[in-house]
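Here is a quick tour of a single protein chain, written for someone who likes to see the numbers next to the picture. Have the viewer open and follow along.

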Amino acid sequence: MDVCHKCGNPQIIIKRKQSGQMLCQECFINTVQEKVLKDIRKQKLVEKGDKVLVALSGGKDSVMLLDILNNLRKRKIIDLVAVTIDEGICGYREDGVEIAAQNAELIGVKHRIVSFKDYVGHTLDEIMEDTGDRIACTYCGVFRRWIFNQVAREEGATKIATGHNLDDEAQSILMNYMEGNIQNLTRIGVKSESSYEGFTVKIKPLREIPERETALYVVARDLPVHLAGCPYAGDSFRAKIRDFLKDISQDHPTIMYSTLRGFDKIKPVLKEEFSRKATTGVCAECGEPAAGKLCKACSFRSQWKKE
């Protein structure tokens, strides 16, 4: 009979294909929490006194991230503020915003809801109606980073924590390899930093947790979670890479870990050879970090003004 490899409980909720380890509900929760907190210490992602802004969408990854970081808040190592961006995706985002608010209220953390409409001037739905040259993820990713950086400064946050999991990171690495985006590859990692003082450090504490385990974690912890998929995600290049990696992982369950490990070994060389060390400046329009005269967000906004 299969039993938990930690405590002998016969009620197994997971058998990890990559290691063969079997765990019951309690041992699975404890193992995942210990793994994330160990990675935070090992990678020095937070320091005592940090105020961490959690990018809380209401989805499984960000809900899990908030729950685990709350361990450090309860021990008075860090302070937390949760921020949810309402991109303005009709019929999808409303539930996520409500569930994000429920999770923040459960643990008593300050929660802000900010919107594309207020910061950008357009909802994502409106942007997609007016433009036909790019997929939604391009605009969404640029504006979300732009807004989080501004809100982090408004809140006095010293770190921005996102719920990127192992699957997300492996997808990003493979996407940029295949598209030849070497500059983007130099920016992928567990911690994103910049010499520009207006840039808030971004951290990814869940970077080594597979997506299926983030989903199981929120179920095992009985946390409210928004499970619907973004209606714009289906057309993206990332979605195609996601499906490819999931398919190949059936026969090669460690492929995402090896993708991550291999990339981390060559990243120092990539940074040394290809980082644009002297090009980071300040956007003339908004004051955010920019490689040119305008940051990417203001480049998009300036195009709309011309039109």
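## Overall fold

Start with the contacts: in the protein chain, among those with a separation of 6 or more, 71% are between residues 24 or more positions apart. Keep in mind that this is a predicted model. DSSP-style bookkeeping gives the protein chain 12 helices and 10 strands.

On size, the C-alpha trace spans about 70 × 40 × 40 Å along its principal axes. The radius of gyration is 20 Å, which agrees with the value near 19 Å for a compact globule of 307 residues. Of those 307 residues, 49% count as buried. The protein chain exposes about 15,700 Å², and carbon and sulfur atoms supply 49% of that area.

## Two nonpolar cores

Which residues have the most contacts inside the largest nonpolar core? They are Met64, Leu69 and Tyr217, in a core of 40 residues. Quite a few elements chip in: β2 (22-24), α1 (25-42), β3 (51-55), α2 (60-74), β4 (79-86), α3 (93-107), β8 (201-203) and α9 (211-220) each supply at least two residues of this core. Apart from it lies another core, this one of 33 residues, and Val81, Tyr92, Cys140 and Phe148 are among them.

Back to Leu69 for a moment. Setting aside residues up to four places away in sequence, Leu69 touches Ile40, Val52, Val54, Ile78, Leu80 and Ala161.

## Helix α9 and its cover

Tyr217 also turns up in the list of buried residues of α9, together with Glu211, Glu213, Thr214, Val218 and Ala220. So what covers the buried residues of α9? The cover includes β1 (12-15), α1, α2, α7 and α10 (237-249). Once you step off the end of α9, have a look at Asp222, which follows the helix and has a positive phi, near 55 degrees.

## Met22 in strand β2

Met22 is found in strand β2. Is Met22 buried or exposed? Met22 has a relative accessible area of 10%, and since anything under 20% is classed as buried, Met22 is buried.

Leaving out neighbours within four places in sequence, Met22 is in contact with Asp2, Val3, Cys4, His5, Ile12, Ile14 and Lys15. Take His5 from that list: His5 and Met22 are 17 residues apart in sequence, yet their C-alpha atoms are 5.6 Å apart in space.

## Salt bridges

Side chains of opposite charge can pair when their charged atoms come close. A search of the whole structure finds 21 salt bridges. One of them joins Glu87 and Arg93, with the closest N and O atoms 2.7 Å apart. Both ends are tucked away: Glu87 counts as buried at 3% relative accessibility, and Arg93 counts as buried at 5%. Another pair is Glu169 with Arg207, whose side chains meet at 2.7 Å, N to O. That pair links distant parts of the chain, 38 residues apart, with Glu169 in helix α7 and Arg207 in the loop between β8 and α9. Glu169 is buried, with a relative accessible area of 1%, and Arg207 counts as buried at 5%.

For a salt bridge with partly exposed ends, try Lys117 and Glu126, which meet at 3.0 Å, N to O. Lys117 counts as partly exposed at 41% relative accessibility, and Glu126 gets the label partly exposed at 26%. There is also a network of salt bridges that links Lys51, Lys110, Arg112, Glu154 and Glu155.

## A nonpolar patch on the surface

Last stop, the outside. Which residues make the nonpolar surface patch of about 290 Å²? Tyr177, Met178 and Ile266 do. Tyr177 sits in helix α7 (residues 166-179), the helix that also holds Glu169 of the salt bridge with Arg207. With a relative accessible area of 37%, Tyr177 is partly exposed. That value fits a patch member, because patches are made of residues with over 30% relative accessible area and no salt bridge.

Methods
Residues are numbered from 1 along each chain as its sequence is written. This is a predicted model: local features need pLDDT of at least 70, side-chain atom pairs count only at pLDDT 80 or more; totals for chains, interfaces and linings use all residues. Side-chain values use heavy atoms; hydrogens and water are left out. Patches are made of residues with over 30% relative accessible area and no salt bridge: like charges are joined within 9 Å, nonpolar side chains (Val, Leu, Ile, Met, Phe, Trp, Tyr) within 5 Å. Accessible areas come from the Shrake-Rupley method with a 1.4 Å probe; for residues, only the protein chains shown count as cover. A salt bridge is a side-chain nitrogen of Lys or Arg within 4 Å of a carboxyl oxygen of Asp or Glu. Helices (H or I, at least four residues) and strands (E, at least two) are DSSP runs, numbered from the N terminus. Buried means under 20% relative accessible area, exposed over 50%, partly exposed in between (1.4 Å probe, protein chains only). A nonpolar core is a set of buried Ala, Val, Leu, Ile, Met, Phe, Trp, Tyr and Cys residues joined through side-chain atoms within 4.5 Å. Contact means heavy atoms within 4.5 Å. The radius of gyration is taken over C-alpha atoms; the globule rule is 2.2 Å times the number of residues to the power 0.38.
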